[in-house]
Amino acid sequence: MPRFSVIVPAYKVQAYLHECLESVLSQSYPDLEVIAVDDCSPDACGAIIDEFAARDQRVRPVHLTENQGLGPARNAGVAAATGDYLIFLDSDDTLTPDALHAIADRLKETGEPDVLVYDYARTFWTGETIRNQVATLLSEEGPAPFRLADRPALLRLLMVAWNKAYRREFVEEEGFAFPPGYYEDTPWTYPVLMTAESIATLDRVCVHYRQRRRGAILGTVSPRHFDIFEQYERVFAYVDQHPELARWRPMLFRRMVHHLVVVFARRDRLPRRSRAAFLRKARTHYRRYRSPGVPVPPRARVHHTLIRLGLHRTYRVLQLTFAVARRTAKVTGRLLKGARSAVLRLHYRLQRSLPVRADRAVFAAEGVRGHGCHPGALEQAFRTHAPHIRTAWVTDAEQTDTVPSGSRRLRPGSAAYWTALARSKYLVHNAGFDRRLVKRPGQVFVQTQRGTPLKHQGLDLRERPAAAGDLDVDELLDNVDKWDYVVSANRHSTLTWERVHPGTYRTLEYGSPRDDVFQQATSADVTRIREQLGIPEGSVVILYAPTHRDYRRTQRTTLDLPRVLRRLGPRYVVLARAHHRHGGPLTDATQPGRLIDVTDHPSVESLCLASDALVTDYSSLMFDYANLDRPIVIHADDAEVYEAARGTYFDLRSFPPGAVARSEDELIDIFATGHWRGSRSVQLRSAFRERFCPHDDGRAAERVVRHVVLGESGLPPVVPLDRRHPVPSPTAESAATGRRSSAAPSWRVAQFPAPLKGDAVPLIETKADSAS
């Protein structure tokens, strides 16, 4: 008897069925059977099912002699199932990696409930993925299992069968079955949830719900959408047969009205000539099933009134009125926006006719949330070493709390913003201000860049169309011509920037300003940051920070972080930080105190200080993290593809800052065996620091300010690497005492030192003030 029976009905889905079945059979939890039901499909679905059955004995094909529809096909699958739990999966959807493992763990943890409800994400044909908007209802906090009466809000979830696992004995004892027709999930899901004695939730995306461009059944104009009335008749008939469920009638009534409104309002469902008849029938159901005295939510009163009275023409008039109002508002908004833009352009031109203010500096940073990166470190250094300069920081309204109180806050595009750009002497950015910026005589533009370059930048992107995107070379060079200084952390950066951003600027090879904090922080600072993040005392903290993939339409991580944590044990904690272009967190799963999403944390430097090790791929964060002299592990499972699409200035696998993993299992092995902090990792990190962190002694920002603002030539000398004292990791053992396992590890790192490859110039030793 398998643990799970995954029931997959198939009809006219030959283009998606293979991916669906593969997503089940490739699960890390193998104790399953797949009941694949061919609903007499006219395409190749039956043949595909037979091919999978011949390849894997866990696939049990069921061929129906005539097309019966989704509901009866699922019933046929249930009749053939032998597993402890039933899982329904539509044949154009897929299970996410390790979904069954997570479901099995949660079932065991909650005492084998009748029903387990898990989450899903919509995957659009454009490549976009969006998680269920009411995922908060699946919180695992509180007692479990429970009954629906304890958490009635679960009825607000999408009423489908495929986001739940059902105990098979419970289904058989209650005699649940799917009816024929459209909306067959409705008279299944409501009775199941209302009847279940024990329910549990899993706050994890287990299903990718495909949103097809064309061909979805419910997205087809058809009179069969009238089936919804019969399905709700079945729901209320079930309640009438079970008087103990009468308390649910008011909520079922409200859900029915909402569902009818959705079907009526969607233009891709009802034939145009049948819409009036649909509303008349909806009026009949409204009056038949309405519970007297049930309050109607204020936001739903208009819809309830329209259905209760069957006001088809009124509904159409309201739709047209709202459509006209929206278009009018859009046109008005465009006109106002154009007028405002013209006024601001005139304002900026007038401000440029006024004198430049020598005591003003404006700062901004791209790719950070608020105040931070190199411009943030320089802004702080301005206030410390050149207090006569009044600083201003450009940031959105929701991030103003990250700006220090001593700096003025500027909202992008405002009149104050354009005034600052027109009249401030010092302009500091890690990318570029508005392209309409006109650099005036007397203004000084300091370009900090965003880190030591590993991946191709600037003019080199002309040969990388996947990474270049909409790169405008003329605009890039126009921006470069505005620069007076470029801040560089090392000789590799200096040589790269001057080649890919050719201009007349002067390079200041003084170190990395944003890394000054690593030399200035104390152990007390580390402890305080870890407490703020809610990290349990004594934990080994891994900061996971992958970079952006230019060659992918949608961003996703190849690491299953919950699985990594399960394999490593309870002592480990992962801080997961997505790239600012990722569009959301790295994982939908949560493990309180162990898997912490820090994507929106304002300071990546604080996260580095709070961690014991960094796991990344091709992010420039590795060059900064090396200053902490803590372990770095590279997870490079797509190195060849990444290098082909984006290009790198040296082979990271030949000259890494630590151990290199080519898969998730190798990464787990590196931590489980202790190689992440072994003597070999120490050697690699030492060589990496010598090449890329020669000037980072905590005074890089000070050197820039003294040279650019104060005009000093005798700058503070650089403290040699062997005399620096990085902040100790609060929990991890010293890397120098790490021991290698007697067993050969499954990962490899190349011997060092290794020459840089491609078009990078080999690194050489430099003096502290070589640029000056």
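## Sheets and helix contacts in a predicted model

An open sheet of seven strands, paired in parallel, runs in the order β12-β11-β10-β13-β14-β15-β16. Its edges are β12 (408–410) and β16 (506–509), each of which pairs on one side only. With direction ignored, neighbouring strands of this sheet are turned against each other by 25 degrees on average. The model is a predicted one.

Within the seven-stranded sheet, strand β10 (residues 357–364) and strand β11 (residues 390–394) are joined by four bridges in the parallel sense. Ala361 has Thr391 in β11 as its bridge partner. Helix α13 (residues 415–423) packs on this sheet, where it touches β10, β11, β12 and β13 (424–429). The direction of α13 makes about 105 degrees with that of β13.

A further open sheet has six strands with parallel pairing, in the order β19-β18-β17-β20-β21-β22. Here β19 (595–597) and β22 (660–661) are the edge strands, and each pairs on one side only. Strand β18 (residues 572–576) runs parallel to β19 and is joined to it by three bridges. The bridge partner of Val574 in β19 is Leu595. Helix α19 (residues 561–568) packs on the six-stranded sheet and touches β17 (540–544), β18 and β19. Between the direction of α19 and that of β18 the angle is about 160 degrees.

### Helix pairs

Two packed helices are described by the angle between their axes and the distance between the axes. The table gives these values for three pairs.

| Helix pair | Axes come within | Crossing angle |
|---|---|---|
| α1 (residues 14–25) and α2 (residues 45–55) | 9 Å | roughly 25 degrees |
| α6 (residues 186–195) and α7 (residues 227–241) | 8 Å | roughly 25 degrees |
| α7 and α8 (residues 249–265) | 11 Å | roughly 175 degrees |

The axes of α6 and α7 cross at roughly 25 degrees. Angles under 35 degrees count as roughly parallel, so α6 is roughly parallel to α7. The crossing in which α6 passes α7 is right-handed. On the α6 side the contact consists of Thr186, Pro187, Tyr190, Pro191, Met194 and Thr195. These residues meet Gln231, Tyr232, Arg234, Val235, Tyr238 and Val239 of α7. By class, eight residues of the α6 and α7 contact are nonpolar, three are polar and one is charged.

Helix α7 also packs against α8, with axes that cross at roughly 175 degrees. Angles over 145 degrees count as roughly antiparallel, and α7 is therefore roughly antiparallel to α8. From α7, the residues Ile228, Phe229, Tyr232, Val235, Phe236, Val239 and Asp240 take part. From α8, their counterparts are Arg249, Leu252, Phe253, Arg255, Met256, His259, Leu260 and Val263. The contact of α7 with α8 holds eleven nonpolar residues, one polar residue and three charged residues. Tyr232, Val235 and Val239 of α7 appear in the contact with α6 and also in the contact with α8.

For α1 and α2, the axes come within 9 Å and cross at roughly 25 degrees. The two helices are therefore roughly parallel to each other. Their crossing is right-handed. Helix α1 contributes Gln14, Leu17, His18, Leu21, Glu22 and Leu25, while α2 contributes Cys45, Ile48, Ile49, Phe52 and Arg55. Seven residues of the contact between α1 and α2 are nonpolar, two are polar and two are charged.

### Backbone exceptions

Most residues other than glycine have a negative phi, and most peptide bonds are trans. The peptide bond from Ala144 to Pro145 is cis, with omega near 5 degrees. Pro145 is located in the loop between β7 (129–131) and β8 (164–167).

Lys12, a residue other than glycine, has a positive phi near 55 degrees. Lys12 sits in the loop that lies between β1 (4–10) and α1. Asp98 is not a glycine either, and its phi is positive at about 65 degrees. The loop that holds Asp98 lies between β5 (94–95) and α4 (99–109).

### Confidence

The protein has a mean pLDDT of 86, and 89% of its residues reach 70 or more. Over residues 733–772 the pLDDT is below 50. This stretch has 93 contacts in the model beyond near neighbours in sequence.

Methods. Residues are numbered from 1 along each chain as its sequence is written. This is a predicted model: local features need pLDDT of at least 70, side-chain atom pairs count only at pLDDT 80 or more; totals for chains, interfaces and linings use all residues. Side-chain values use heavy atoms; hydrogens and water are left out. Axes are lines fitted to C-alpha atoms, for helices over the stretch in contact, and angles run from 0 to 180 degrees between N-to-C directions. Angles under 35 degrees count as roughly parallel, over 145 as roughly antiparallel, 65 to 115 as roughly perpendicular and the rest as oblique. A crossing is left-handed if the near helix is turned anticlockwise from the far one by less than a right angle, and right-handed if clockwise. Contact means heavy atoms within 4.5 Å. Ala, Val, Leu, Ile, Met, Phe, Trp, Tyr, Cys and Pro count as nonpolar, Asp, Glu, Lys and Arg as charged, and the others, Gly among them, as polar. pLDDT is the predictor's confidence in each residue, from 0 to 100. Two strands pair if DSSP finds at least two bridges between them.
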